[in-house]
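Grab a pencil and keep the viewer open. Try each task yourself before you read the solution under it.

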Amino acid sequence: MIEVARVSKSYGNLQALASIEFTIDKGTCFGLVGPNGAGKSTLMKILAGILQHFEGDIVVDRFSVTKEKQAVKQLIGYVPQELCLEETLTARDNLLLFGRLYGLSGKDLHNRMEDVLEKIGLAERSKDKVLKFSGGMKRRLNIGCALLHEPAIIIMDEPTVGIDPQSRKSIFSIIEQLKADGSTIIYSSHYMEEVEHLCDSIGLIDKGVLLENGTMDRLLEKYGTPSLYVSGDTIEAEHLHPYPITSKGDGFLVIDADPLFVLEKLVIRFRELELQPRRLELYYPKLEDIFFQLTGTMLRDN
Amino acid sequence: MWAIARTELKKNIQDKGIWFWTFILPILFIVVFVAVFSGQEGVEYKEIITQIIPGYAVMFTFFIMISMVITFIKDRERGMVARIASTPLPVQSYFLGKWVPFMIIVLLQIAVLFLFGFLVYDLPLGDPMALIVMSLFQAFLATSWGLAMAVLVKSENMGIALTQILALGGALLGGLWMPIEIMPDIMQTICKFIPQYWGLEGYKEILLHGGGILDIWVPLTILLACGVVGILIAISGYRRYLRLSKS
C-alpha cells in the first residue's frame, strides 16, 4: 500500500532523514517512534505531501508522491501535531471547511459531517465555538477534520500531545474504530507505550535514520529476551551472582535464556539468606528497552 | 478556493477589530478633518471634501494589511498553512481564497466611505463606472501589498509596524493629508513615486473633474503595476512561508 524508497531530506547542513526505506501493508497501523528531532515530523510532512523537495520517492497505492501528488493527497487524511482549527468558528464550520477542501459538497458533505461528529463524540457540541472546547475535544476535532473525505490512509503526527488520560483513551478508541474499519494508519509518537498498544508494526527512528522496523513480535524476537526483575532494600548485586545483571530503576534485571529457572533458584537463595525482595517478577522487554539497545539512550532522556 | 474564502469572510465578520479599523476610524477621521478645514477662507468646500474623503479612503484601505498580516501569521503559527498544503487545494487557490474576502472588505469600505461622503457632505460621485474600476484597482493594490507583507514578515508586530509606515508614510508623502500643491517642490516630485498619490489623483479626476475611465488610465496602470509587484512578491515568498509554518 505504501512504499517508502530511499527518502532523504536535508535542511542546509542538517540531515533530517537519511535514506529511509520501509513498507506499510494495507489496513495496518504503522507506528513511527523516536525522540523529538528524530525526523518523525519531517517524514510525516513528506508522506502528507507538504514537503515536496526531497530525495527518493514514496508510492501510495500505485501513485507516486513526487509525480502524482494530488491523487496521493486525496487518499490521505493528515492529523497534524498542531491544532489546525479556526477557534472563533464552530466545530461544524471547521468540518465544513475541510470537507470542502477535499471536494465534498451538498448533502454528501453534511452526511459525512454528521458521521464524523458521531465518531469523534462531538455531535452535541457541534454548534459551539472551538474556543470553548477542552484540549481533548480540540484534539478529537483535529482528527475529525482529517476523516471527512473517508481517506484510505490516515497520518497522525503525535495526536495525543498535551492531553489528559481520559481524552487519550477517547482518541485511542477512535483509532481502534478506524482500524476496525480497515483504514491504514501511520501513527507517530514519542510515547512508546501508545505505539506498542496501537500499532501492528513499528519503525524506530533516531537522528534521521530508521534504526529498525517490523512487527513488535519480530522486534522482540530479535532484540528482547525476557529477564527477571529483582528489587528490595537488602538485595545487592552479589546476591545475584553468577547471573549477568544490569541496573534498572531501584533494582536489577537478571538476564538469562531461562528466566523461570533463575527465578526458582533465586527464590531458594533468598530464603536461605533470609532476604526479602520487594519485587521479583518476570520482565518482558518493551519498545523502550529495544530503543535503548539500539541507541544507548532511553527515549525519555531526549 | 471558495471554502477558504467563505471561512475567512465568516471570521472577518466576527472580528470587531476589523470593523473599527475599516469603517469606524476612517469615518471619525473624515468627520474631524472636514470640520477642521471646511471653515477656512479661500478654499472651496468641494475641493476640501474631494481631498479629505478620497484621501482618507485611500489611506485606510492600506490598514487592511494589518488584518491580512494577522491572519497569515496565525495560519503559519497554528500550522494551518501546512495542514491546507496537505489537502488537494492548489497553492494559488489558497492565496485566492485568503485574498478575496479582504478584497470584498476593502471594496465595501470604499463604498461605505463614499456613500457617507455623499449623504453627509454632498460629495459628488462622478462617473459610477470609473469610480467602480478605480476602487477595484485601489483594493487590488492594498490587498496585494497586504499579501506580500503577510508572507514576508516574521511576526505580527513587525507586520503592524511596517503597515503603519507604509500607510501613514505613504499618506504623508502621497499628499493624502493635504493638497500636493501646497507642499514644497521636492515633495511634489517625491509624491509621483508613491502609489497612494496616484490613488487620490484617480479619485480626484472622477469626483472633482468628472473624468471617465479613459481619463484615469495613468493612475490605473500605476496601481495595477504596483499591485502585480505585490502579488509576485507574495508568490515568491510562499515557499519560505510554508517552510516556517508549524505542522
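Below are six exercises on this predicted model, each with a worked solution.

Before you start: residues count from 1 along each chain as its sequence is written, and chains are lettered from A and ligands numbered from 1 in the order in which they are written. Because the model is predicted, local features need pLDDT of at least 70 and side-chain atom pairs count only at pLDDT 80 or more, while totals for chains, interfaces and linings use all residues; side-chain values use heavy atoms, with hydrogens and water left out.

**Exercise 1. Get an overview of chain A: how many helices and strands does chain A have?**

Step 1. Count the elements: chain A has ten helices and 14 strands. Both are DSSP runs numbered from the N terminus, helices being H or I with at least four residues and strands E with at least two.

Step 2. Look at the extent. The C-alpha trace of chain A spans about 80 × 45 × 35 Å along its principal axes.

Step 3. Check the burial. Of the 302 residues in chain A, 52% are buried. Here buried means under 20% relative accessible area, exposed over 50%, and partly exposed in between (1.4 Å probe, protein chains only).

Step 4. Turn to contacts, meaning heavy atoms within 4.5 Å. Among contacts in chain A with a separation of 6 or more, 66% are between residues 24 or more positions apart.

**Exercise 2. Find strand β3 of chain A: which strands does β3(A) pair with?**

Step 1. Locate β3(A) at residues 29–33 and check the cover: five of its five residues are buried.

Step 2. Sort the side chains. In a regular strand they alternate between the two faces of the sheet. Cys29(A), Gly31(A) and Val33(A) point one way, and Phe30(A) and Leu32(A) point the other way.

Step 3. Find the partners; strands pair if DSSP finds at least two bridges between them. One partner is β8(A), residues 184–189, parallel over five bridges. Another is β9(A), residues 201–206, parallel over four bridges.

Step 4. Pick out single pairs. Val33(A) has Ser189(A) as its bridge partner in β8(A), and Gly31(A) sits opposite Ile202(A) in β9(A).

**Exercise 3. Explain why Cys226(B) forms no bond with Cys191(B).**

Step 1. Recall the chemistry: a disulfide is a covalent bond between the sulfur atoms of two cysteines. The cut-off here is a pair of cysteine sulfur atoms within 2.5 Å.

Step 2. Apply the cut-off. It gives zero disulfides over all chains. Cys191(B), for one, is in no disulfide, with the nearest cysteine sulfur, in Cys226(B), 14 Å away.

Step 3. Conclude: Cys226(B) forms no bond because its closest cysteine sulfur, in Cys191(B), is 14 Å away, which is too far.

Step 4. Add the surroundings. Cys191(B) has 0% relative accessibility, so it counts as buried.

**Exercise 4. Describe how helix α6 of chain B meets α2(B) and α7(B).**

Step 1. Take α2(B), residues 16–37, and α6(B), residues 91–121. Their axes come within 11 Å and cross at roughly 25 degrees. Axes are lines fitted to C-alpha atoms, for helices over the stretch in contact, and angles run from 0 to 180 degrees between N-to-C directions.

Step 2. Name the angle. α2(B) is therefore roughly parallel to α6(B). Angles under 35 degrees count as roughly parallel, over 145 as roughly antiparallel, 65 to 115 as roughly perpendicular and the rest as oblique.

Step 3. Look at who touches. The contact includes Trp21(B) and Ile27(B) of α2(B), and Phe102(B) and Leu108(B) of α6(B).

Step 4. Repeat for α7(B), residues 128–152. The axes of α6(B) and α7(B) come within 9 Å and cross at roughly 135 degrees, so the two are oblique. Among the residues in contact are Trp99(B) and Phe102(B) of α6(B) and Phe140(B) of α7(B).

**Exercise 5. Hunt for unusual backbone angles in chain A.**

Step 1. Know the background: most residues other than glycine have a negative phi, and most peptide bonds are trans.

Step 2. Check Arg6(A) in strand β1(A), residues 2–11. Its phi is positive, about 45 degrees, although it is not a glycine. With 54% relative accessibility, Arg6(A) is exposed.

Step 3. Check Glu274(A), in the loop between α9(A) and β14(A). Its phi is positive too, at about 55 degrees, and Glu274(A) is exposed at 71%.

Step 4. Find the cis peptide bond. It joins His241(A) and Pro242(A), with omega about 10 degrees. Pro242(A) lies in the loop between β11(A) and β12(A).

**Exercise 6. Is Ser170(A) buried, partly exposed or exposed?**

Step 1. Place Ser170(A): it is in helix α6(A), residues 165–180.

Step 2. Read the area. At 22%, Ser170(A) is partly exposed.

Step 3. Compare positions. Ser170(A) and Arg140(A) are 30 residues apart along the chain, and their C-alpha atoms are separated by 8.3 Å.
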